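Reader: I have a chain open and want to go through it piece by piece. Can we start with a loop and work outwards?

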Amino acid sequence: MSDFTEVRVDPSNSRQLDAWDGDQGALWADRAERFDDGVARYHHRLLDVAAVEPTSRVLDIGCGTGKTTRDAARRGGSALGVDLSSRMIDLARRQAEREHVSNVSFEQADAQVHPFPEAGFDLAVSRHGSMFFGDPVAAFANITRALRPGGRLVLLTWQPMARNEFVTAFRTALAAGRDLPAPPPDAPGPFSLSDPERVRRLLASAGLVDIRLDGLSEPMYFGRDVADAFAFVSRQHGGSVQDLDADTRARALAGLRSSLAAHETDEGVWYDSAAWLIEARRP
């Protein structure tokens, strides 16, 4: 894990730093290709709506291992990806070198407080990386400041949990009969930008206009077969069963395996999902 003092992080994001520059970020770096494959059917739709132009200066928020950043750079003039995870940033840099994408750069940074150049970008994008801010009002204000007048923000976020089968199915299986409370809808996490009215309020408070949300629904890929998907999902969600007694943990993992088997097709294991494609503009 990186030393906390090495990257400027707002105190409201300290837990996110611990997670993403710790075990969670390590998992995403280790399984980068699988995470990218999982949301591949959303990826090009995000980039198409972003409409990167040959001279565009692009900021990728919560870039992870940098696939969106690199693909945006291929379409534009330059791209900067920022993320809290040093492991993922390191991998993103190495991958850009391997792919010979030279007009891209990466920085470990908290986009909520990072001193981006005023009006330094034509476009800010985020593929499922904008839902984790401790203070989203401050974060979107900082990102808006970094956009030139007329610059655009394009986000991909999850719709509510009930519309995302992969989440509800995994929670149900791994609960093993326990009553698991749903995460607060306004807390940092995958569903913090799932309520359209909250999204509109947050972006409007940052000074953005022409706010639009389009609903998307695509299947998500989790593995080539049940064993492959089980190895991936059980590691990703292992924290939810690690404190259970041996019998309950075994029952939970058996439930997960059964769910995966019910979603196996000739093309692998797939679950339904639903996301918002969000657009806004700095006036």
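Reader: Where does Ala176 sit?

Author: Ala176 lies in the loop between helix 8 (165-175) and helix 9. Helices here are DSSP runs of H or I with at least four residues, strands are runs of E with at least two, and both are numbered from the N terminus. This is a predicted model, in which local features need pLDDT of at least 70 and side-chain atom pairs count only at pLDDT 80 or more, while totals for chains, interfaces and linings use all residues. Residues are numbered from 1 along each chain as its sequence is written, and side-chain values use heavy atoms, with hydrogens and water left out.

Reader: What is the phi of Ala176?

Author: Positive, about 50°, although Ala176 is not a glycine.

Reader: Buried or exposed?

Author: Ala176 counts as buried because its relative accessibility is 17%. Buried means under 20% relative accessible area, exposed means over 50%, and partly exposed is in between, with a 1.4 Å probe and protein chains only.

Reader: Which other residue has a positive phi without being a glycine?

Author: His100 has a phi near 60°. His100 is placed in the loop between helix 6 (86-98) and strand 3. With 69% relative accessibility, His100 counts as exposed.

Reader: Next, His114. Which loop is it in?

Author: His114 is in the loop between strand 3 (104-108) and strand 4 (121-127). At 16% relative accessibility, His114 counts as buried.

Reader: What is His114 in contact with?

Author: Leaving aside neighbours within four places in sequence, His114 is in contact with Glu107, Ala109, Asn142 and Arg145. Contact means heavy atoms within 4.5 Å.

Reader: How far apart are the C-alpha atoms of His114 and Asn142?

Author: They are separated by 7.8 Å, and the two residues are 28 apart along the chain.

Reader: Which residues of helix 7 are buried?

Author: Helix 7 covers residues 136-146, and its buried residues are Pro136, Ala139, Phe140, Asn142, Ile143, Thr144 and Ala146. Asn142 is thus named twice, as a contact of His114 and as a buried residue of helix 7.

Reader: What covers the buried residues of helix 7?

Author: The cover includes strand 1 (57-61), strand 4, strand 5 and helix 9 (196-205).

Reader: Stay with strand 1. How does it pair with strand 2, parallel or antiparallel?

Author: Parallel, over 5 bridges. Two strands count as paired if DSSP finds at least two bridges between them. Val58 stands opposite Ala79 in strand 2. Strand 2 (residues 78-83) is mostly covered, with 5 of its 6 residues buried.

Reader: On to strand 8. How many of its residues are buried?

Author: Strand 8 runs over residues 268-281, and 12 of its 14 residues are buried, so the strand is largely enclosed by the rest of the structure.

Reader: Which way do strand 6 and strand 8 run, parallel or antiparallel?

Author: Antiparallel, with 12 bridges joining strand 6 (residues 209-223) to strand 8. Leu216 stands opposite Ala275 there.

Reader: And strand 5, how many bridges to strand 8?

Author: Strand 5 (residues 147-158) pairs with strand 8 over 7 bridges, in the antiparallel sense. Trp158 has Ala275 as its bridge partner in strand 8. Ala275 therefore appears in both pairings, opposite Leu216 and as partner of Trp158, within the strand that is largely enclosed.

Reader: What joins strand 7 to strand 8?

Author: A hairpin through 2 residues. Strand 7 (residues 264-265) and strand 8 run antiparallel, joined by 2 bridges. Glu264 stands opposite Val269 in strand 8.

Reader: Now the whole chain. How many helices and strands?

Author: The chain has 11 helices and 8 strands. Of its 283 residues, 54% are buried.

Reader: What is the radius of gyration?

Author: 19 Å, which agrees with the value near 19 Å for a compact globule of 283 residues. The radius is taken over C-alpha atoms, and the globule rule is 2.2 Å times the number of residues to the power 0.38. The C-alpha trace spans about 55 × 40 × 40 Å along its principal axes.
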